[in-house]
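I opened a new notebook page for this structure. My plan was to look up the ligand first and the helix packing after that.

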Amino acid sequence: MSGKDKTYNGIFISFEGIDGCGKTTQSRALQEYFRSKGREAVLTLEPGGTLIGTRIREVLLQPEHKEMSPVTELLLYNAARAQHIAEKILPELKKGTVVITDRFTDSTTAYQGYGRGMDLSLINSINDIATNGIKPDLTILLDLDPEAGLGRNKSVNKVDRFELEALAFHQKVRKGFLEIAGMERERFELIDASLPVGEVSKKIAGMVNNRYGV
Ligand code: TYD
């Protein structure tokens with residue numbers, strides 16, 4: 001569902017990028033920006049965003065779950081997403097709220113599709129089932145070299161199943177994000193995440209102001 005078919009007045013924004021690209025910091029800054037302009041904005045994340053989603057997140061990210069099959073992984077991300085859409089994202093959008101999510105369907109395409117090598121058309125179909133066809137109005141891709149991203153996470157001692165993957169895996173994921181962005185230029189804004197945090201925030205605020213007059 002997008003454009004003229006939309007059944008809500010809110011704005012749906014997703015942040016995407018490799019591990020350690022700064023999505024969490026930048027999504028908080030964007031929420032603050034909207035609030036400073038008097039616009040209600042909710043911040044959420046995937047996997048997670050609901051109680052059920054948070055429980056699924058724990059199963060997905062535990063380092064000891066090494067035996068998880070790629071199909072299990074794909075379905076669990078989308079199970080969490082279906083709950084997220086039904087319980088949180090869609091109700092907020094219908095109230096006219098700005099919903100900012102730290103990761104959404106493009107993460108599945110990039111990690112399970114480009115990273116794990118699963119069939120992209122299968123992933124698109126499953127993503128569509130989970131979202132009921134709802135797509136972000138805007139996706140902000142924070143692009144960063146994986147060596148820099150993983151370095152940032154190591155420096156704060158963050159380790160999960162994905163941080164344990166080899167650098168080559170994260171390079172495939174980065175390439176995937178860039179390819180997806182190239183296919184949907186209207187929806188995506190590409191931002192250089194190697195810039196200082198404050199500069200990245202300013203660029204995002206300027207771009208959002210241009211798009212939405214906020
Ligand atoms: P998280 O701690 O949120 O990482 P980050 O701070 O980098 O966003 O962990 C989420 C991990 O799950 C991250 O490594 C990306 C991965 N992921 C997928 O593989 N597929 C998905 O559909 C989603 C939403 C996340």
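I started with the ligand, keeping in mind that this is a predicted model. I found 16 residues surrounding the ligand. The closest are Asp 19, Lys 23, Arg 103, Thr 108 and Gln 112.

Next I looked up polar atoms. A polar side-chain atom of Thr 108 is 2.6 Å from a ligand oxygen. For Tyr 77, a side-chain N or O atom lies 2.8 Å from an oxygen atom of the ligand. For Arg 81, I read 3.2 Å between a side-chain N or O atom and a ligand oxygen.

Arg 81 led me to helix H3, where this residue also takes part in the contact with H5. H3 covers residues 70–94 and H5 covers residues 120–131. Their axes come within 8 Å and cross at roughly 30°. Angles under 35 degrees count as roughly parallel, so H3 and H5 are roughly parallel to each other. The crossing is right-handed. From H3 I noted Leu 74, Leu 75, Asn 78, Ala 82 and Ile 85 besides Arg 81. H5 brings Leu 122, Ile 123, Ile 126, Asn 127, Ala 130 and Thr 131. By type, the residues of this contact of H3 with H5 are 8 nonpolar, 3 polar and 1 charged.

Then I turned to H4 (residues 105–115) and H7 (residues 167–183). Their axes are 8 Å apart, at an angle of about 130°. That makes H4 oblique to H7. This crossing is right-handed. Among the residues that meet are Tyr 111 and Tyr 114 in H4, and Phe 169 and Phe 177 in H7. I logged the residues of the H4 contact with H7 as 8 nonpolar, 4 polar and 3 charged.

Note on methods: Residues numbered from 1 in each chain as written. Predicted model: local features only at pLDDT ≥ 70, side-chain atom pairs only at ≥ 80, totals over all residues. Heavy atoms only, no water. Axes fitted to C-alpha atoms, helices over the stretch in contact; angles between N-to-C directions. Helix = DSSP H or I, 4+ residues; strand = E, 2+ residues; numbered from the N terminus. Parallel < 35°, antiparallel > 145°, perpendicular 65-115°, else oblique. Left-handed = near helix turned anticlockwise from the far one by under 90°. Contact = heavy atoms within 4.5 Å. Nonpolar A, V, L, I, M, F, W, Y, C, P; charged D, E, K, R; others polar. Near = heavy atom within 4 Å. Polar contact = N/O pair within 3.5 Å; in protein donor to acceptor, adjacent residues only side chain to side chain.
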